[in-house]
Amino acid sequence: SSGINAEYGEPVETVSSEEDGHHEPVSQICWTAPNSMLTVAMDGKVLRWDVTLSRYKPPQLTLAQAFLVTGSAIPRSHPAAPSNRKSDIGGTSLSCSQEDPTMFVVGTESGLVLKCSSLSNELPMD
């Protein structure tokens, strides 16, 4: 995956290994700190990236944390719960908390909004 430098129209950063990035187009990006951002995509992944900016080199993205949103995050009784609890749930939107950089919400392809924390081992939080 890569970004576009708005000033020059060139990629800002390209992930060197496909295993490190998303396998679907990124739906949303939000900054959690001046040097950290989250990305979400329809592949069910929420990824946290450390961003290294330099005046003399292109920005560098380093994968810092990865989460997978699956059907097990949705209560079985909910109408949007998939029959396969292990299937990935695609993320369509993302919003980061301004008060707590560890908190964020993910909007899903099934219309659910999930409250999540980067401190948790699983997404979403109860």
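A residue counts as buried here when its relative accessible area is under 20%. Keep that cut-off in mind as you explore this predicted model.

**Stop 1: the open sheet**

Begin by selecting strands S3, S4, S5 and S6. These four form an open sheet in just that order, with antiparallel pairing. Colour S3 (26–33) and S6 (60–68) separately: they are the edge strands, and each of them pairs on one side only. If you turn the view to look across the strands, you can follow a twist that averages 25° from one strand to the next.

**Stop 2: S3 beside S4**

Now zoom in on S3 and S4 (residues 36–41), which are joined by six bridges and run antiparallel. Show Val26, and across from it in S4 you will find Ala41.

Stay on S3 and pick Thr32, which belongs to this strand. Is Thr32 buried or exposed? Its relative accessibility is 17%, so with the cut-off of under 20% Thr32 counts as buried. Apart from residues within four places in sequence, Thr32 is in contact with Met37, Leu38, Cys96 and Pro101.

**Stop 3: the nonpolar core**

Next, show the side chains of Leu38, Val46, Leu94, Phe104 and Val106. These have the most contacts inside the largest nonpolar core, a group of 15 residues. S4, S7 (91–96), S8 (103–108) and S9 (113–117) each supply at least two residues of this core. In soluble globular proteins, nonpolar side chains tend to be buried together.

Which residues does Leu94 touch, if those up to four places away in sequence are not counted? They are Gln28, Cys30, Leu38, Thr39, Val40, Phe104, Val105 and Val106.

**Stop 4: S8 and its two partners**

Select S8 on its own. Five of its six residues are buried, so S8 is largely enclosed by the rest of the structure.

Add S7 to the view: S7 and S8 are antiparallel and share five bridges. The chain passes from S7 to S8 by a hairpin of six residues. Label Cys96 and Phe104 here, because Phe104 in S8 is the bridge partner of Cys96.

Then bring in S9, which runs antiparallel to S8 and is joined to it by five bridges. Phe104 has a bridge partner here too, namely Cys116 in S9.

**Last stop: a turn with a glycine**

Finish at the hairpin of S8 and S9, where four residues lie between the strands. Click on Gly111 in this hairpin: its phi is positive, near 95°.

Note on methods. Residues are numbered from 1 along each chain as its sequence is written. This is a predicted model: local features need pLDDT of at least 70, side-chain atom pairs count only at pLDDT 80 or more; totals for chains, interfaces and linings use all residues. Side-chain values use heavy atoms; hydrogens and water are left out. Two strands pair if DSSP finds at least two bridges between them. Axes are lines fitted to C-alpha atoms, for helices over the stretch in contact, and angles run from 0 to 180 degrees between N-to-C directions. A nonpolar core is a set of buried Ala, Val, Leu, Ile, Met, Phe, Trp, Tyr and Cys residues joined through side-chain atoms within 4.5 Å. Buried means under 20% relative accessible area, exposed over 50%, partly exposed in between (1.4 Å probe, protein chains only). Contact means heavy atoms within 4.5 Å.
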